[in-house]
Amino acid sequence: MTHSSALPKYIQISEMLIREITAGHLPDGTRLPPERQMADQHGISVGTLRKALGDLETKGLLHRIQGSGNYIKSQTVTESIYTFFRLELTQGGGLPTACVISVDRLHKPADLPFFGSSPDAHRIRRLRRLGGIPAAVEEIWLDGTFAKKINAADLLESLYLFYKGHLGLIISQVEDRIGVAPVPNWAPAALGMDHGSPAGFIERISWSQNGQPSEFSRTWYNHEKARYINRLK
């Protein structure tokens, strides 16, 4: 397996804190630990931590008071790289990371719904971790018109960020269908589930900024480690 390119460390910390806020682990008004203590907890420099906190402040999620500390400001709508990512650890939160299992350009199988105009699609299979815990496998089919070839080494942990930066594709809307399905036979042992055993299952159609269906994906998740969350505000 190939690790997807990691996001910059300060973005990882910022996104982790955003997911902790949205999960309710950091309520409005929570005072964060001193910056040096937080930096030591996450194994980063104080400068990197301050950059992450600055990102939260820009997004309206942090109130910084000179001489007092950093305080969480909850928002009903939160700008996040993982806005459309609905899986969380069973206790909430968990920064998503990914390992690429395979990337192939294939003719679209007959059982896929309509998306895009090309007869081909890029099939991306990945193992997803939440907070370092293997929690899901996903199979993403991206319409072939967006690129002739996609290399595993170029993929980011957030595919939607990769689409936007490398392909000019912005995912503006998604539709999820939730159910149960057997774990596929290509799932790695790290998932902790036997092939064919029942798993939580998500089918998703994603639309581009032009209102065109452009991607279809399937996700199988370990219900003992993760849950699907969609917060409506």
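**Spaces and a helix contact in a predicted model**

Helix α4 contributes the most to the lining of the second largest pocket, giving 3 residues. The structure described here is a predicted model, and this pocket is a good place to begin a tour of it. The second largest pocket holds about 370 Å³ of space. Its lining is made up of 15 residues, and those closest to the centre are S80, I81, T83, L161 and K164. Two elements, α1 (9-22) and α4, each give two or more residues to this lining. Sorted by class, the lining of the second largest pocket comprises 8 nonpolar, 3 polar and 4 charged residues.

From this pocket, the description turns to an enclosed space. The structure contains 1 cavity of 30 Å³ or more. The largest cavity offers about 340 Å³ of space. Around it stand 21 lining residues, with F84, F85, E138, Y160 and R204 nearest the centre of the cavity. Several elements supply at least two lining residues each: the strands β6 (120-130), β7 (133-143), β9 (198-207) and β10 (213-221), together with the helix α4 (159-167). Helix α4 thus appears in the lining of the largest cavity as well as in that of the second largest pocket. In terms of class, the lining of the largest cavity divides into 11 nonpolar, 7 charged and 3 polar residues.

Another part of the chain carries a label from a database record. In an unreviewed UniProt entry, residues 7-75 are annotated as "domain: HTH gntR-type". Within the model, the C-alpha atoms at the two ends of residues 7-75 are 24 Å apart. Helix accounts for 51% of this span and strand for 12%.

A pair of helices completes the picture. Helix α2 covers residues 35-42 and helix α3 covers residues 46-58; their axes come within 9 Å and cross at roughly 105°. Because angles of 65 to 115 degrees count as roughly perpendicular, α2 and α3 are described as roughly perpendicular to each other. On the α2 side, the contact is made by E35, R36, M38 and A39, while α3 brings V46, L49, R50 and L53. By class, the contact of α2 with α3 has 5 nonpolar and 3 charged residues, and no polar ones.

Note on methods:
Residues are numbered from 1 along each chain as its sequence is written. This is a predicted model: local features need pLDDT of at least 70, side-chain atom pairs count only at pLDDT 80 or more; totals for chains, interfaces and linings use all residues. Side-chain values use heavy atoms; hydrogens and water are left out. On a 1 Å grid over the protein atoms alone, a cavity is a set of points where a 1.4 Å probe fits but cannot get out, and a pocket is an open set with protein on both sides within 12 Å along at least five of seven lines; lining residues have an atom within 4 Å of a point. Grid points are joined across faces, edges and corners, and a volume is the space filled by probe spheres set on the points. Helices (H or I, at least four residues) and strands (E, at least two) are DSSP runs, numbered from the N terminus. Ala, Val, Leu, Ile, Met, Phe, Trp, Tyr, Cys and Pro count as nonpolar, Asp, Glu, Lys and Arg as charged, and the others, Gly among them, as polar. UniProt positions are given in the numbering used here, feature names are shortened, and annotations may be inferred rather than shown by experiment. Axes are lines fitted to C-alpha atoms, for helices over the stretch in contact, and angles run from 0 to 180 degrees between N-to-C directions. Angles under 35 degrees count as roughly parallel, over 145 as roughly antiparallel, 65 to 115 as roughly perpendicular and the rest as oblique. Contact means heavy atoms within 4.5 Å.
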